[in-house]
Amino acid sequence: MAIEHAADIWGSILVSDVPIKVAVSWTALGSAALGVTFPNGRKDFINAPVAATWYATSLANSLTGFELNPGEDDINIYLNSGTNWYTGTDGNTPAGQYDLVSVALHELGHGIGFVGLAKKVGSEGSFGLLQASDFAPLITTFPWPQQDTLPGIFDRFLRAPTLEMLVDVPNPSVPLGSFFTCNQLTWNGPNGLAASGGGDIRIYAPSTFALGSSCVHLNEATYPAGNPHELMTPFSSAGHSNHWPGPICIGMLRDIGWNLAPGVGMDEPAMEQQLVVFPNPVNDLLTFSRAGMGTSYPFRIVDLSGRTMLLANGTPTVDVSALAAGTYLLMGAEGKAVRFVKH
Ligand SMILES: [Zn+2]
C-alpha cells in the first residue's frame, strides 16, 4: 500500500505510455541501508536522445514508446526487512520508525534514472566499469558486461569544480577519481538549474567514495531533512517523511529525458511561470516555489468554488493546518494555479 502510494506519486509526475515494471524484494540489508535499487538499462535504442549512453530502461521504454525488455523487470528494489517501517501513507511517521512511502519514493527515483555508473577503485575513477559482483549477493538485471566504459545519461550532467563536465575527463583516470571525491560536484542541466533558480545543485561527492551513494544523490548537507529537495539525498531520518521529490529533482529528471505530466512544475513552455507545491498532500506547512523565479511573490489559496481561504505575500511557506481537509488551488498573482490536497 505504501509502495503503491509512492508509485502513484511518481505516476502523477512522469508521463509514459509503457507501464513501469517494478520488482520489490524484502531482504536483510544490515543496519546501514534502508533500501538498494538497480534499474535495468538500455543504450542506443530507437529515439535515444544521446548515443553511447545508458538509460534506465523505464526511461528508454518511455522515449521509445514500447517495451524494449519484455520478460525483464525495469527496476529491482531491495528493502531492508530488518528496518522498523511505518507503513501508513499519511506522512505522520512516529518517532523511531522509517517512512516506507518516503523510502520507496527515493528508491523508485533511482529506478527511473536518478543514478549513474560511477565507480572508484584505489585512486582511479570510472564510468561504465561496474560489475554484477560489486552488488552481490543482490541480484541485478542491468547488463553490466555490455557497459563498454560508457556513462549513464545522469553522469553526463555532472560538473567538476573546474567547470569541466566529468564525461569529458579521461575515463578511467585518476583525475576522474579525484573529482568523484571532491565534495564540489554540481549538476549542469538546464531544467534542474531553472528549478534551483540558477543556484548550484550540489551532488553528494564525499571525500571517501561510497559505491551506490557517491555521485548518485543530492548532497546531504545542502538539502537536509525538511528541505524541499531532500528526497534524493543519501540519508533518511526516522520519524520523518517526505512525499514529494521537489522541483530540483523533477527538473533533473526532465534533463535526463523524462516527459513530465502537465502541472508538476517543469512542463514546457510555461516552465518559468509554473508553480510547484510540496508536500502534496499536505498536513500543515505548505512550501511553494515558481521554477526559475525563487519563492518570494504574492499568492492566495482558493477552494474549488473560487473562495479565497488564505492570502499572503513574500513567504515561501504557509501554515495550512487550519484549512478543512480537501482540494485547494494555490494561485500566483498572475493567475497561474496548482492544485494540492489538504489532509
Ligand atoms: Zn539512494
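# Zinc site, helix packing and buried helices

Biologist: What spacing do the donors of the zinc ion follow along the chain?

Modeller: The pattern is H-x3-H-x106-H. Keep in mind that this is a predicted model.

Biologist: What makes a residue here a donor of the zinc ion, and which residues are they?

Modeller: A donor is an N, O or S atom within 2.8 Å of the metal. His-106, His-110 and His-217 each supply NE2, lying 2.0 Å from the zinc ion. That value is inside the 2.8 Å limit, so these atoms count as donors. Water is not among the atoms, so the site may look incomplete.

Biologist: Why can one say that His-110 and His-217 tie parts of the chain together?

Modeller: Look at where they sit. His-110 is in helix 3, residues 100-111. His-217 is in the loop between helix 5 (190-195) and helix 6. The pair therefore links parts that are 107 residues apart in sequence.

Biologist: Are His-110 and His-217 buried or exposed?

Modeller: Both are buried.

Biologist: Why is the packing of helix 1 and helix 3 called oblique?

Modeller: Helix 1 covers residues 2-13. Its angle to helix 3 is about 50°, and the axes are 8 Å apart. Roughly parallel needs an angle under 35 degrees, and roughly perpendicular runs from 65 to 115. About 50° falls in neither class, nor over 145, so the pair is oblique. The crossing is right-handed.

Biologist: Which residues of helix 1 meet helix 3?

Modeller: From helix 1 come Ala-2, Ile-3, His-5, Ala-6, Ala-7, Ile-9 and Trp-10. They meet Leu-100, Val-101, Ala-104, Leu-105, Leu-108 and Gly-109 of helix 3. By class, this contact holds eleven nonpolar, two polar and no charged residues.

Biologist: Why is helix 2 said to be largely enclosed?

Modeller: Helix 2 spans residues 57-64, and eight of its eight residues are buried, so the rest of the structure largely encloses it. Buried means under 20% relative accessible area. The buried set is Thr-57, Ser-58, Leu-59, Ala-60, Asn-61, Ser-62, Leu-63 and Thr-64.

Biologist: What covers the buried residues of helix 2?

Modeller: The cover includes strand 1 (14-15), strand 4, strand 5 and helix 3. Gly-65 follows helix 2 with a positive phi near 95°.

Biologist: How do you know that helix 6 is mostly covered?

Modeller: Count its residues, 247-255: nine of nine are buried. Among them are Pro-247, Ile-248, Met-252, Arg-254 and Asp-255. Just after helix 6, Gly-257 takes a positive phi of about 125°.

Biologist: Why does Cys-215 count as buried?

Modeller: Its relative accessibility is 0%, and the limit is under 20%, so Cys-215 is buried. Cys-215 is found in the loop between helix 5 and helix 6. Its phi is positive, about 70°, although it is not a glycine.

Biologist: Which value of phi does Asn-47 take?

Modeller: Near 75°, a positive value in a residue other than glycine. Asn-47 lies in the loop between strand 4 (41-43) and strand 5 (54-56).

Biologist: Why is Pro-228 called partly exposed?

Modeller: Pro-228 has a relative accessible area of 24%. Partly exposed lies between the buried cut-off, under 20%, and the exposed one, over 50%, so 24% fits. Pro-228 is in the loop between helix 5 and helix 6. Beyond its neighbours within four places in sequence, Pro-228 is in contact with Asn-242, Trp-244, Pro-245, Gly-246 and Phe-278. Pro-228 and Thr-287 are 59 residues apart in sequence, yet 7.7 Å apart in space, C-alpha to C-alpha.

Biologist: What makes Ser-241 count as partly exposed?

Modeller: Its 23% relative accessibility is not under 20% and not over 50%, so Ser-241 is partly exposed. Ser-241 also lies in the loop between helix 5 and helix 6. Leaving aside neighbours within four places in sequence, its contacts are Gly-91, Thr-93, Asp-99, Ser-102 and Glu-230.

Biologist: How do you know that the peptide bond from Asn-171 to Pro-172 is cis?

Modeller: Omega is near 0° there. Pro-172 lies in the loop between strand 11 and helix 4 (174-180). Another cis peptide bond joins Ala-136 and Pro-137, with omega about 5°. Pro-137 is in the loop between strand 10 (124-127) and strand 11 (158-159).

Terms used:
Residues are numbered from 1 along each chain as its sequence is written. This is a predicted model: local features need pLDDT of at least 70, side-chain atom pairs count only at pLDDT 80 or more; totals for chains, interfaces and linings use all residues. Side-chain values use heavy atoms; hydrogens and water are left out. Buried means under 20% relative accessible area, exposed over 50%, partly exposed in between (1.4 Å probe, protein chains only). Helices (H or I, at least four residues) and strands (E, at least two) are DSSP runs, numbered from the N terminus. Donors are N, O and S atoms within 2.8 Å of the metal (3.2 Å for Na, K and Ca); water is not among the atoms, so sites may look incomplete. Axes are lines fitted to C-alpha atoms, for helices over the stretch in contact, and angles run from 0 to 180 degrees between N-to-C directions. A crossing is left-handed if the near helix is turned anticlockwise from the far one by less than a right angle, and right-handed if clockwise. Contact means heavy atoms within 4.5 Å. Ala, Val, Leu, Ile, Met, Phe, Trp, Tyr, Cys and Pro count as nonpolar, Asp, Glu, Lys and Arg as charged, and the others, Gly among them, as polar.
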